[in-house]
Amino acid sequence: RKTAFILRSVFNIPVSYQTVLNYAEAAAYYCHRFNIDNKGFIDNVVAADETYIKIMGKHAYVFFCISSINHRIIAYHVAFNRDTQPATAAMLEAIRTALLYQKVTFITDGNPAYDAASLFINSLLPEKAALDHVKVIGLQNLDKESEQFRAFKQLIERLNRTYKHNIRSAHGFNSLNGAIAITTLFVTHYNFLRPHMALHYKTPVHIPALDNISTIQGKWVKILSMAA
């Protein structure tokens with residue numbers, strides 16, 4: 001509704017909020033393919049976590065996996081539960097672009113779904129490429145693992161806060177498709193368009209075709225044209 005209001009009041013473009021939603025869902029279809037095709041390599045340490053949202057008044061969850069050095073979102077998955085199946089789906093997508101026999105360590109909280117997902121995935125991988133799984137539990141460093149890997153857990157928590165800040169105006173979603181669409185567009189913006197202070201104000205994934213485009217709307221149009 002806010003976007004439709006701005007288009008009407010600032011640019012004199014008379015569109016309804018439903019039209020804006022339809023455009024967002026249509027764009028997300030192409031952006032998802034662009035996201036998974038251009039996420040690039042992953043680091044040896046990956047942080048994973050889930051954050052809750054509301055869909056049709058019920059709790060749902062978004063699983064994120066983020067690389068520890070380049071800060072790329074390398075997997076995302078929307079589900080109505082925080083069990084093993086969605087955790088496995090997110091982790092499998094995260095390691096899809098790993099190098100042959102790359103040793104990847106996942107940093108998570110104490111959700112047992114990640115334990116089960118790691119065991120299942122390791123049953124599919126060769127022994128040399130088996131995942132390591134480290135749990136950082138609670139707010140205090142009560143063991144050596146929590147002390148050593150706390151920074152990676154804080155990284156994924158900051159991502160969750162950024163995501164929640166960006167979807168706050170939605171106050172929940174009326175459909176699963178809407179939640180998936182907004183999450184997909186958030187990942188596109190985060191990986192390819194949003195400068196990060198920790199990366200010296202560069203984007204996590206560099207797309208050379210966007211270098212000479214100065215406006216954000218022009219960059220969105222270029223991404224959609226590349227994804228189509």
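Here are some worked exercises on a predicted model.

**Exercise 1. The sheet**

Task: Work out in which order the five strands form the open sheet, and which strands sit at the edges.

Solution:
- Start with the order. The five strands line up as E3-E2-E1-E4-E5, and the pairing is mixed.
- Now look for strands that pair on one side only. These are E3 (73–79) and E5 (132–135), the two edge strands.
- Add the twist: from one strand to the next, the average is 25°.

**Exercise 2. Two kinds of pairing**

Task: Explain what "mixed" looks like here by checking how E1 runs against E2 and how E4 runs against E5.

Solution:
- Keep the background in mind: strands of a sheet pair through backbone hydrogen bonds, and they can do so parallel or antiparallel.
- Take E1 (residues 45–55) and E2 (residues 58–67). They run antiparallel, joined by 10 bridges.
- For a spot to click on, try Asp 49, which stands opposite Phe 64 in E2.
- Then move to E4 and E5. This pair is parallel, with four bridges.
- Here the spot to click on is Ile 107, whose bridge partner in E5 is Val 134.
- So one sheet holds both senses, in line with the general picture of parallel or antiparallel pairing.

**Exercise 3. Helices around the sheet**

Task: Find which helix joins E4 and E5 in a β-α-β unit, and give the unit's handedness. Then find which strands helix H5 lies across.

Solution:
- Follow the chain out of E4: helix H4 (residues 112–124) comes next in the unit, then E5, and the whole thing is right-handed.
- Switch to H5 (residues 144–167). This helix lies across E1, E2, E3, E4 (105–108) and E5.
- For its direction, use E1 as the reference: H5 runs at about 35° to that strand.

**Exercise 4. Cysteines**

Task: Count the disulfides in the structure, and decide whether Cys 31 and Cys 65 are buried or exposed.

Solution:
- The count is quick: a search of the whole structure turns up zero disulfides.
- For burial, the cut-off is under 20% relative accessible area.
- Cys 31 comes in at 0%, so this residue is buried.
- Cys 65 has 1%, so this one is buried too.

**Exercise 5. A salt-bridge network**

Task: The whole structure has six salt bridges. Find which residues join Lys 39 in one network, and say how exposed each member is.

Solution:
- Begin at Lys 39. Its salt bridge goes to Glu 93, with the closest N and O atoms 2.9 Å apart.
- Place the two on the chain: Lys 39 is in the loop between helix H2 (17–37) and E1, while Glu 93 belongs to helix H3 (residues 84–94), so that the pair links distant parts of the chain, 54 residues apart.
- Next, Arg 96 also forms a salt bridge with Glu 93, at 3.0 Å between the closest N and O atoms.
- Shared partners therefore put Lys 39, Glu 93 and Arg 96 into one network.
- Finish with accessibility: Lys 39 is buried at 2%, Glu 93 is partly exposed at 21%, and Arg 96 is partly exposed at 43%.

**Exercise 6. From strand to loop**

Task: Find which residue meets Glu 50 in a salt bridge, and where in the chain the two partners lie.

Solution:
- The partner is Arg 82, at 2.5 Å from N to O.
- Glu 50 is in E1 and Arg 82 is in the loop between E3 and H3, 32 residues apart, another link between distant parts of the chain.
- Compare the two ends: Glu 50 is buried at 9%, whereas Arg 82 is partly exposed at 34%.

Notes. Residues are numbered from 1 along each chain as its sequence is written. This is a predicted model: local features need pLDDT of at least 70, side-chain atom pairs count only at pLDDT 80 or more; totals for chains, interfaces and linings use all residues. Side-chain values use heavy atoms; hydrogens and water are left out. Two strands pair if DSSP finds at least two bridges between them. Axes are lines fitted to C-alpha atoms, for helices over the stretch in contact, and angles run from 0 to 180 degrees between N-to-C directions. Contact means heavy atoms within 4.5 Å. A disulfide is a pair of cysteine sulfur atoms within 2.5 Å. Buried means under 20% relative accessible area, exposed over 50%, partly exposed in between (1.4 Å probe, protein chains only). A salt bridge is a side-chain nitrogen of Lys or Arg within 4 Å of a carboxyl oxygen of Asp or Glu. A crossover is right-handed if, with the strands pointing away from the viewer, the path from the first strand over the helix to the second runs clockwise.
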